[in-house]
Amino acid sequence: MEHKDDGMMNMKTTRDVVRGLKDVAAAETKISYVDPMGVLYYLGYNIDDLMGNVIYSEVAYLLLHGILPNKRELDAFCAKIISQMRLPREVEECIKCSPKHAHPMDVLRTEVSRLGEFDVEGKDFTDEANRRRAIRLIAQVPTIVAAFHRSRQGLPILYPKEDYSFAENYLYMFKGHRPSQDESDVLQRLMILHADHGFNASTFAARVTASTNSDMYSAVTTAIGTLRGPLHGGASEKVMEMLDDIGLEEEVEEYIQGLLDDHKKIMGFGHRVYKVEDPRTKHLRCIVENLCHKDRTMSLYNKCLQIEGIVHDRKSIYPNLDFYAAVAMDALGVPKEFFTPFFCSSRISGWVAHIIEQYEDAVLLRPSSNYVGEFGRKFVPVEQR
Ligand code: CMC
């Protein structure tokens, strides 16, 4: 720490600034670990061991309770989530009144905030109430997304069915028909891979809000606004714009080299933590390969492989979660402006777990900054300026 006299009787304290908080550990967490060498753990479980062996609700339970549920606990948890998917009538009415051209992320951010107004537990901020609130949010974020998708097309909002799984209900309420087993399997996998990821920007933002002892809806609203940016979860929408823009497989080389020549970032590539390939990418690549094979859209898959190769050769970076997730969501029939809302629909389980962990830590997250502005300016009244 260095003290500098600015010559105006002020002492200026300077510290080393860690730009972008790179590698700064802001707190301790037991929820997930992002190993730079390409492994992701949820509560100590390698995601490679979870994929294909659990459903998303099982992961949500794990994130919230710290342990995997037994069969009875899982059935009860799934039934609870499905029973809570319906939105308060007032929130549903507001979704119907949202402008059709509004970005779904605007609607999601606003309606999650509105859910706070209609919380049945009001100002009960005990741990038990927060855990019940967390389950309601896990259940209702997808419902907001699905309801806006329907209402902006002038279609009636659909309600969850008790005999459908959570993933089936989500796709049913979004698309208007019961999904096939394959479609709901793909959604389960996507949701598991998106559920949590250490101290990413939106989770950190949620924890900052929670650290002031603010309510869970405020913290989740903060997180949604943060996830939306194209350097974070908003990247997937940009990936699809790029893939649509490229057109033919033969155009990939020139298009991508051109962007790199212009020092532009290729969306869906690079990562702050991973030094090797993002461990979620292999699962997503495999999902996309199967979907493209089935839909006879192998040229789209080939385009993705080509982009991977060029970006790796030029920049030595790998695709992140958002690259192949965009293609998978497109194959599921999700319009690109709903990609980030789908991301929120899964990450909500990680956010609420982190918010609860932050409440338990009970410390205000408040960093400092190095002031580089002026001191000692002479005040001049407004009439004399
Ligand atoms: N395309 C081209 N070059 C890149 C990219 C990219 N996508 N990402 C990083 N680089 C280069 C960057 O230009 C820089 O090169 P140089 O050292 O020659 O100037 C170097 O790699 C380091 O990049 P950085 O931006 O300083 O790294 P960061 O850790 O601050 O950024 C990142 C990480 C994810 C913001 C960045 O890789 C990026 O902007 N990627 C594109 C957006 C994206 O896909 N975001 C999703 C992130 S992961 C999932 C999620 O959170 O949703």
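**Exercise 1. The largest pocket**

How much space lies in the largest pocket? State also which residues and elements line the largest pocket, and where the pocket lies relative to the domains.

Solution. The model is a predicted one.

Step 1. The space in the largest pocket comes to about 1,900 Å³.

Step 2. The lining is made up of 49 residues, and those closest to the centre of the pocket are Phe199, Asn200, His271, Arg272 and Val273.

Step 3. Two or more lining residues come from each of β3, α9 (201-211), α14 (298-315), α15 (321-331) and α16 (339-361). Strand β3 gives the largest share, 3 residues.

Step 4. Sorted by class, the lining of the largest pocket has 22 nonpolar, 15 polar and 12 charged residues.

Step 5. Residues of domain 1 (32-229 + 335-361) and of domain 2 (235-331) both take part in the lining, so the largest pocket lies between the two domains.

**Exercise 2. The largest cavity**

Find how many cavities of 30 Å³ or more the structure has, and describe the lining of the largest cavity.

Solution.

Step 1. Searching the whole structure gives 1 cavity of 30 Å³ or more. The largest cavity holds about 50 Å³ of space.

Step 2. Its lining consists of Leu187, Leu190, Met191, His194, Met329, Phe342, Phe343 and Ser346.

Step 3. Helices α8 (181-194) and α16 are the elements that supply two or more of these residues. The largest share, 4 residues, belongs to α8.

Step 4. The classes are 6 nonpolar and 2 polar residues, with no charged residues in the lining of the largest cavity.

**Exercise 3. A sheet of 3 strands**

Give the strand order of the open sheet, name its edge strands, and find the bridge partner of Tyr41.

Solution.

Step 1. The order of the 3 strands is β3-β4-β5, and their pairing is antiparallel. In general, strands of a sheet pair through backbone hydrogen bonds.

Step 2. Strands β3 (32-35) and β5 (45-46) each pair on one side only, and these are the edge strands.

Step 3. Strand β4 (residues 39-42) is joined to β5 by 2 bridges in the antiparallel sense. Across to β5, Tyr41 has Asn46 as its bridge partner.

**Exercise 4. Two cysteines**

Decide whether Cys292 and Cys304 are in a disulfide, and whether each is buried or exposed.

Solution.

Step 1. A disulfide requires two cysteine sulfur atoms within 2.5 Å. For Cys292, the nearest cysteine sulfur is that of Cys304, 6.8 Å away, and Cys292 is in no disulfide.

Step 2. Cys304 is likewise in no disulfide, with the sulfur of Cys292 as its nearest cysteine sulfur. The structure as a whole holds 0 disulfides.

Step 3. Buried means under 20% relative accessible area. Cys292 has 2% relative accessibility, so Cys292 counts as buried. The relative accessible area of Cys304 is 0%, so Cys304 is buried too.

**Exercise 5. Positive phi outside glycine**

Locate Leu21 and Ser316, give the phi of each, and state how exposed each residue is.

Solution.

Step 1. Leu21 sits in the loop between β2 (11-14) and β3. Its phi is positive, near 55 degrees, although Leu21 is a residue other than glycine.

Step 2. Because its relative accessible area is 45%, Leu21 is partly exposed.

Step 3. Ser316 is in the loop between α14 and α15. Ser316 is not a glycine, yet its phi is positive at about 55 degrees.

Step 4. Exposed means over 50% relative accessible area. Ser316 has 51% relative accessibility and therefore counts as exposed.

Key: Residues numbered from 1 in each chain as written. Predicted model: local features only at pLDDT ≥ 70, side-chain atom pairs only at ≥ 80, totals over all residues. Heavy atoms only, no water. Pairing = 2+ DSSP bridges. 1 Å grid on protein atoms, 1.4 Å probe; cavity = no way out; pocket = protein on both sides within 12 Å on 5 of 7 lines; lining within 4 Å. Points joined across faces, edges and corners; volume = space filled by probe spheres on them. Nonpolar A, V, L, I, M, F, W, Y, C, P; charged D, E, K, R; others polar. Domains from an automatic or database assignment. Buried < 20%, exposed > 50% of the residue type's maximum accessible area, 1.4 Å probe, protein only.
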